[in-house]
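I opened this notebook to record what I looked up in one model, taking the strands and the sheet before the core and the loops.

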Amino acid sequence: AHLESTDVTVRVGDKFPLFLYNSESEHIDDITYVVDNASICVVEDNYVKALSNGTTKVRVIYKEQEYICIVRVG
């Protein structure tokens, strides 16, 4: 599996999709999102929304595997 994005820079208020794909490039639905600093961004319906300036990690967990996307807001 692989993440759509692993390092993203956005502005406050921006949204971007963060999907996990299988080897056939299909979305994997049974995933959990964990945001290290929820004051910087949140995840809603597979989209990351930037809330305030800073840098954090969004961890996507699937079958005990962790995939990380660094989110930079500024």
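Strands here are DSSP runs of E with at least two residues, numbered from the N terminus, and by that reckoning R59 belongs to strand β8. I note at the outset that the model is predicted.

**Entry 1, around R59.** I looked up the side chain of R59 and found a polar contact of 3.0 Å with the side chain of E66. Setting aside residues up to four places away in sequence, I then listed what R59 touches, and the list reads T32, Y33, V34, D36, E66, Y67 and I68.

**Entry 2, the sheet.** I traced the strand order next and obtained an open sheet of four strands, β2-β9-β8-β5, with mixed pairing. Because β2 and β5 (32-35) stand at the edges with a single partner strand each, one side of each of them has no neighbour in the sheet. From one strand to the next the twist averages 25 degrees. For the pair β5 and β8 I recorded an antiparallel sense and four bridges, and when I looked up Y33 I found that its bridge partner in β8 is V60.

**Entry 3, the core.** Which residues have the most contacts inside the largest nonpolar core? I noted F16, L18, L20 and V71, in a core of 20 residues. The elements giving two or more residues to this core are β2 (7-10), β7, β8 and β9, and among them β9 gives the most, with four residues. As general background, nonpolar side chains in soluble globular proteins tend to be buried together. I followed V71 further and, leaving out its neighbours within four places in sequence, found it in contact with V8, V10, F16, C41, V48, G54, T55, T56 and V58.

**Entry 4, positive phi.** I turned to backbone angles with the reminder that most residues other than glycine have a negative phi. N46, which is not a glycine, nevertheless has a positive phi near 70 degrees, and I located N46 in the loop between β6 (41-44) and β7 (47-50). K63 is also not a glycine, and its phi is positive at about 50 degrees; K63 lies in the loop between β8 (54-62) and β9 (65-73).

Is K63 buried or exposed? The cut-off for exposed is over 50% relative accessible area, so K63, at 67% relative accessibility, counts as exposed. N46, with a relative accessible area of 24%, is partly exposed.

Conventions
Residues numbered from 1 in each chain as written. Predicted model: local features only at pLDDT ≥ 70, side-chain atom pairs only at ≥ 80, totals over all residues. Heavy atoms only, no water. Buried < 20%, exposed > 50% of the residue type's maximum accessible area, 1.4 Å probe, protein only. Core = buried A, V, L, I, M, F, W, Y, C linked by side-chain atoms within 4.5 Å. Contact = heavy atoms within 4.5 Å. Pairing = 2+ DSSP bridges. Axes fitted to C-alpha atoms, helices over the stretch in contact; angles between N-to-C directions. Polar contact = N/O pair within 3.5 Å; in protein donor to acceptor, adjacent residues only side chain to side chain.
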